[in-house]
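Me: I would like to learn how to read helices, sheets and a core from a model, taking one feature at a time.

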Amino acid sequence: MGRPRVGIAGISLEASTFSPALTTTGMLAPKRGQAILEAREFWAAGGALAEAAEWVPVMQARGIPGGAIPLDDYLSMKAEIVSGLAAAHAERPLDGIVLDLHGAASAVGLDDLEGDLAVAVREAVGGDVLISTGMDLHGNVSPRFAEALDLLTCYRMAPHEDWLETKERAVRNLLDRLALPAGERKPVKAWAMVPVLLPGEKTSTRLEPAASLYRRVAEVAELDGVVDAAYWVGYPWADEPRNHAVVMVTGDSAEGLPARVHGARRGDLGAPPGVRVRRAHRLARGGAGARGRQPRDAVRHLRLRRQPDRRRGR
Ligand SMILES: [Zn+2]
């Protein structure tokens, strides 16, 4: 294959649903076309990946941490992303898409914004297009989000000294897979939930236990047959079922490897659907890190009632 044709789009925001503030489209200042490429040195003119693909930049919104996005604002940004990618795909098929996300965005009245967006993008371009994302480790990875994408990774450092390196790695992972014959591009994905939710202040990768844990992430990522390994600690400042830690390994052989990242037996990871948040509460109260004040704060926040005017149908 010659140069692959790769779409770029995304909504990147870390949104606390406990804040009364809202983050509007204007505050997310969406970039379109060439401005998206110029914002990242690796694919900007003269960058290492500038000529590695025919880039098709559609729309990229990005904001500083804040409150949730008003639902209409989210739906119109989603519509622009989906119709832009669909139009590009109809003009000449896309081989891949880079979905640039933080992983902890929220829209008022909608659970799992990133899952909603990923499913819509997948439906617009079909199953053959490879979709890759590089996220913040404070993002969330619901099963439907993981299912809709092909390549997922996140930062391995908190504070996030490796943010740009991670964004570039997500793009390189995609380009590497697109260089394979069409039948061999799709990686296997192994997803495992870790039923605990800790605040970022307690999960610095400079300190234990995160320091050892993230060393294992890098070790597993280097194994034969593995494309990438990632550990999301999750985002505690939103009350959604998806908010908990997740480990994923992608590659030609990934099965069983999340447990190796976590340092657990396979059976120790995961929980039956429906008990996830409750079990996360219990573990946060009595389990890892429970001696500090911060985990109890996280539990308290999770227990706050959903505000009826901000949650559709609940
Ligand atoms: Zn973060």
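**Reading the sheets, helices and core**

Reply: In strand 7, isoleucine 131 is the bridge partner of isoleucine 97. This is a predicted model, in which local features need pLDDT of at least 70 and side-chain atom pairs count only at pLDDT 80 or more, while totals for chains, interfaces and linings use all residues. Residues are numbered from 1 along each chain as its sequence is written.

Me: In what sense do strand 6 and strand 7 pair, and over how many bridges?

Reply: Strands (E, at least two residues) and helices (H or I, at least four residues) are DSSP runs, numbered from the N terminus, and two strands pair if DSSP finds at least two bridges between them. Here strand 6 and strand 7 pair in the parallel sense, over 3 bridges. They belong to an open sheet of 6 strands in the order 3-4-1-6-7-8, with mixed pairing. Strand 3 (31–32) and strand 8 stand at its edges with a single partner strand each, so one side of each is left without a neighbour in the sheet.

Me: Which helices lie on this sheet, and at what angles?

Reply: Axes are lines fitted to C-alpha atoms, for helices over the stretch in contact, and angles run from 0 to 180 degrees between N-to-C directions; two residues are in contact if their C-beta atoms, placed from the backbone, lie within 7 Å. Helix 4 packs on the sheet, touching strand 1, strand 6 and strand 7, and its direction makes about 165 degrees with that of strand 6. Helix 6 lies across strand 1, strand 6, strand 7 and strand 8, running at about 160 degrees to strand 7.

Me: How should I read the two sides of helix 3, buried or exposed?

Reply: An α-helix has 3.6 residues a turn, so residues three or four places apart point the same way. A residue is buried if 20 or more other C-beta atoms lie within 10 Å of its own, exposed if 12 or fewer, and partly exposed in between, with C-beta atoms placed from the backbone. In helix 3 (residues 71–91), the buried residues are Asp73, Tyr74, Met77, Ile81, Val82, Leu85 and Ala88. Seen down the helix axis, these fall within an arc of 155 degrees, so they line one face of helix 3; the arc is that of the directions from the helix axis to the C-beta atoms. On the other side, Asp72, Ser76, Ala79, Ala87, Ala90 and Glu91 are exposed. The buried residues of helix 3 pack against several elements, including strand 1 (5–12), strand 4 (54–62) and helix 4 (113–125).

Me: What is the strand order in the sheet of 3 strands?

Reply: This open sheet has the order 9-11-10, with antiparallel pairing. Strand 9 (188–194) and strand 10 are at the edges, each with a single partner strand, so one side of each is left without a neighbour in the sheet. The twist averages 10 degrees from one strand to the next. Strand 10 and strand 11 (residues 245–251) are joined by 6 bridges, and alanine 230 stands opposite methionine 248 in strand 11.

Me: Why does valine 249 count as buried?

Reply: Valine 249, in strand 11, counts as buried because it has 32 C-beta neighbours inside 10 Å. Its C-alpha lies 6.0 Å from that of lysine 189, although the two are 60 residues apart in sequence.

Me: Which residues have the most contacts inside the largest nonpolar core?

Reply: A nonpolar core is a set of buried Ala, Val, Leu, Ile, Met, Phe, Trp, Tyr and Cys residues joined through C-beta atoms within 7 Å. The largest has 89 residues, and those with the most contacts inside it are Leu85, Ile97, Val121, Tyr231 and Val246.
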